[in-house]
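Hello,

Here is the structure I promised to pass on. Please open it before you read further.

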Amino acid sequence: MRYALTSLLGQALRGNRGWTPAWRRPEPKASYDAVIVGGGGHGLATAYYLAKEHGLTNIAVLEKGWIGNGNIGRNTTLIRSNYLLPGNVPFYEHSMKLWEGLEQDINYNAMVSQRGLLNLYHSDAQRDAFARRGNAMRMHGVDSELLDREQVRAFVPYLDFDNARFPIQGGLIQRRGGTVRHDAVAWGYARAADRLGVDILEHCEVTGIDIVDGRAVGVQTTRGAIRAKKIGLAAAGNSSRVAALAGLRLPIESHVLQAFVSEGVKPLIDTVVTFGAGHFYISQSDKGGLVFGGDIDGYNSYAWRGNLPIVEDVAECGMALMPMLGRLRVVRSWGGLMDMSMDGSPIIDKTPIDGLYLNCGWCYGGFKATPASGWCFAHTIARDAPHAFNAAMRLDRFATGHLIDERGAGNRPNLH
Ligand SMILES: Cc1cc2nc3c(=O)[nH]c(=O)nc-3n(C[C@H](O)[C@H](O)[C@H](O)COP(=O)(O)OP(=O)(O)OC[C@H]3O[C@@H](n4cnc5c(N)ncnc54)[C@H](O)[C@@H]3O)c2cc1C
């Protein structure tokens, strides 16, 4: 069923009794041309672009839980392409362009909202670093503007400008940045992939990877064995555990990242703001809740909940930026599992095992990458070679020293 104004009106007149499920619930087949392990945003987007761009339709996405249970349904929905390094900028800008046409492409309202994303600076050194980043973006054809203090005040007057612990000097804004409804991205890609013939297999955990003569030939799952010519791993925070099934040890640590939503209030924040003197960012959802978060919890874990010291840290940063936040009640908080790589950048590559491909290392920034990640991973799987956009996102860069250290923090995953 195609979603359109006419189908909406038709359903309304018939009491909404004719809607069909957004995707089928097929039984697993014995074999596929390709299987993708992980039904998060990246896995679903990969399956969709494999079918759409490369004509591979005998594909399954194997998801151990339900669609939307992982980070794709847990993130704070920010999208941007304000990167500095040549290995990253074209990739993230490609993602931004895919976001801009996504809803028409997959025929799904993902609530893509380019409301602008403003990074504040609070010192001369930070201003210089942001000016450099903004210039690098412009040289790659990406929009960016450096704002001074008065321009920022005119744009977001509700921040603390007059009595701040860390005075705001200005900001770097990407006006094409913004937010997208996270779980709608999962549902939209699942539905679009399903329409192209992809089997979405929920509650199908991969428990083993079969390797014969150095080639991956299939997977063991809780719903039986499945043979596959190509296997793509896109398990985000569980990447190390899934890759270990094939005997691979990844340069990844899993950490917890928390997010928070306040009670709903009238429209207040019509953009995304990030604090430059601590790790804090905030936006407002269409339901009115303020959505915010900060640093990762800083220890290795596979748990989906975090600890109170980070709650306190995030609240402190928020109060330093917007003292009025102290009057709000937090109604929900949760954690997700971050696949932190050693240089803070992702991996989209072949593995040393033939027929086995890897997509991971998204740290806490993989949501914005979802379309390009799926697009590039599909290309890598279908062509057995990376696309130019993900050519630098190699697995062996940690051995060869070709890191993509966007933040300059070195090989310390908890600092990226
Ligand atoms: C609180 C929070 C805030 C964030 N904010 C942002 C943000 O604002 N902007 C941004 O760009 N990014 C953000 N991120 C990061 C982003 O959400 C992730 O990088 C991205 O979603 C990861 O890719 P994914 O969607 O494929 O992951 P997931 O949705 O986690 O998908 C991986 C899937 O693999 C499945 N799986 C694992 N093991 C197996 C197995 N053995 N067999 C089968 N399936 C398996 C899991 O169940 C899961 O569904 C945030 C993350 C969190 C937690």
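Below is what came out of it, starting with the sheet.

Keep in mind that this is a predicted model.

Eight strands make up an open sheet. Their order is 5-6-4-13-14-15-12-16, with mixed pairing. Strand 5 (145–148) and strand 16 (330–341) are the edges, each pairing on one side only. From one strand to the next, the twist averages 25°.

Inside the sheet, strand 4 (residues 117–121) and strand 13 (residues 272–275) run parallel. Three bridges join them. Leucine 118 has valine 273 of strand 13 as its bridge partner.

Helix 8 (residues 308–321) lies across strands 12, 13, 14, 15 and 16. It runs at about 135° to strand 15 (289–300).

Now the helix pair. The axes of helix 2 and helix 9 (residues 370–383) come within 7 Å. They cross at roughly 55°, so the two helices are oblique to each other. The crossing is right-handed. Helix 2 brings residues including His42, Tyr49 and Glu53 to the contact. Helix 9 brings, among them, Pro371, Trp375 and Phe377. By type, the contact residues are ten nonpolar, seven polar and one charged.

Last, the ligand. Which residues come nearest to it? Of the 39 around the ligand, they are Gly38, Gly40, Gly70, Gly336 and Gly366. The shell divides into 14 nonpolar, 20 polar and five charged residues. Helix 2 (41–54) and strand 12 (252–264) each supply at least two residues of this shell.

Best wishes

Terms used: Residues are numbered from 1 along each chain as its sequence is written. This is a predicted model: local features need pLDDT of at least 70, side-chain atom pairs count only at pLDDT 80 or more; totals for chains, interfaces and linings use all residues. A residue is near a molecule or strand if its C-beta atom, placed from the backbone, lies within 6 Å of it. Helices (H or I, at least four residues) and strands (E, at least two) are DSSP runs, numbered from the N terminus. Ala, Val, Leu, Ile, Met, Phe, Trp, Tyr, Cys and Pro count as nonpolar, Asp, Glu, Lys and Arg as charged, and the others, Gly among them, as polar. Two strands pair if DSSP finds at least two bridges between them. Axes are lines fitted to C-alpha atoms, for helices over the stretch in contact, and angles run from 0 to 180 degrees between N-to-C directions. Two residues are in contact if their C-beta atoms, placed from the backbone, lie within 7 Å. Angles under 35 degrees count as roughly parallel, over 145 as roughly antiparallel, 65 to 115 as roughly perpendicular and the rest as oblique. A crossing is left-handed if the near helix is turned anticlockwise from the far one by less than a right angle, and right-handed if clockwise.
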